[in-house]
Amino acid sequence: PLMLHELLEEFDMPPEQAIMVGDTEYDKAMAESAAVPRVAVSYGAHHIDRLARYNPVLSVDGFTDFVGWILDK
């Protein structure tokens, strides 16, 4: 998860205030290792069922679903 750690340091942000949006198990595993909340998208490389085991805070079928969720926060 070096990339996420570097980004968090660069932006002076704790992991719990960041979100990793991704479409692969690799994205989810990296975010999980960095203790960053995860959002899974169904329109990418890996099927959404494969991403579910990484306990995403949200699974979406489109970007507008994600935006709506963020705006509700």
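**View A. Phe63 and Phe66 in helix 4 of the predicted model.** In this predicted model, Phe63 and Phe66 both belong to helix 4, which covers residues 63-72, and they are three residues apart, about one turn of the helix. Phe63 is exposed, with a relative accessible area of 53%, whereas Phe66 counts as buried at 13% relative accessibility, because buried means under 20% relative accessible area and exposed means over 50%.

**View B. The aromatic cluster of Phe63, Phe66 and Trp69.** Two aromatic pairs are found in the structure. In one of them, the ring centres of Phe63 and Phe66 are 6.0 Å apart and the ring planes stand at 45°, so this pair is described as tilted. Ring pairs join Phe63 and Phe66 with Trp69, and the three residues form a cluster.

**View C. The three-stranded open sheet.** The strands of this open sheet follow the order 1-2-3, and their pairing is parallel. Strand 1 (20-22) and strand 3 (58-60) are at the edges, where each has a single partner strand, so one side of each is left without a neighbour in the sheet. From one strand to the next, the twist averages 20°. Strand 1 and strand 2 (residues 38-41) run parallel and are joined by three bridges, and Val21 has Val39 in strand 2 as its bridge partner.

**View D. A nonpolar surface patch.** Met3, Leu7, Phe11 and Met13 together make a nonpolar patch of about 390 Å² on the surface. Met3, one of these residues, lies in helix 1, which spans residues 2-10, and Met3 counts as partly exposed at 44% relative accessibility.

Technical notes:
Residues numbered from 1 in each chain as written. Predicted model: local features only at pLDDT ≥ 70, side-chain atom pairs only at ≥ 80, totals over all residues. Heavy atoms only, no water. Phe/Tyr/Trp six-rings, centres within 6.5 Å; stacked < 30°, edge-to-face > 60°. Helix = DSSP H or I, 4+ residues; strand = E, 2+ residues; numbered from the N terminus. Buried < 20%, exposed > 50% of the residue type's maximum accessible area, 1.4 Å probe, protein only. Patch = residues over 30% accessible without salt bridge, like charges linked within 9 Å, V, L, I, M, F, W, Y side chains within 5 Å. Areas by Shrake-Rupley, 256 points an atom, 1.4 Å probe, with all protein chains shown as cover. Salt bridge = Lys/Arg side-chain N within 4 Å of Asp/Glu carboxyl O. Pairing = 2+ DSSP bridges. Axes fitted to C-alpha atoms, helices over the stretch in contact; angles between N-to-C directions.
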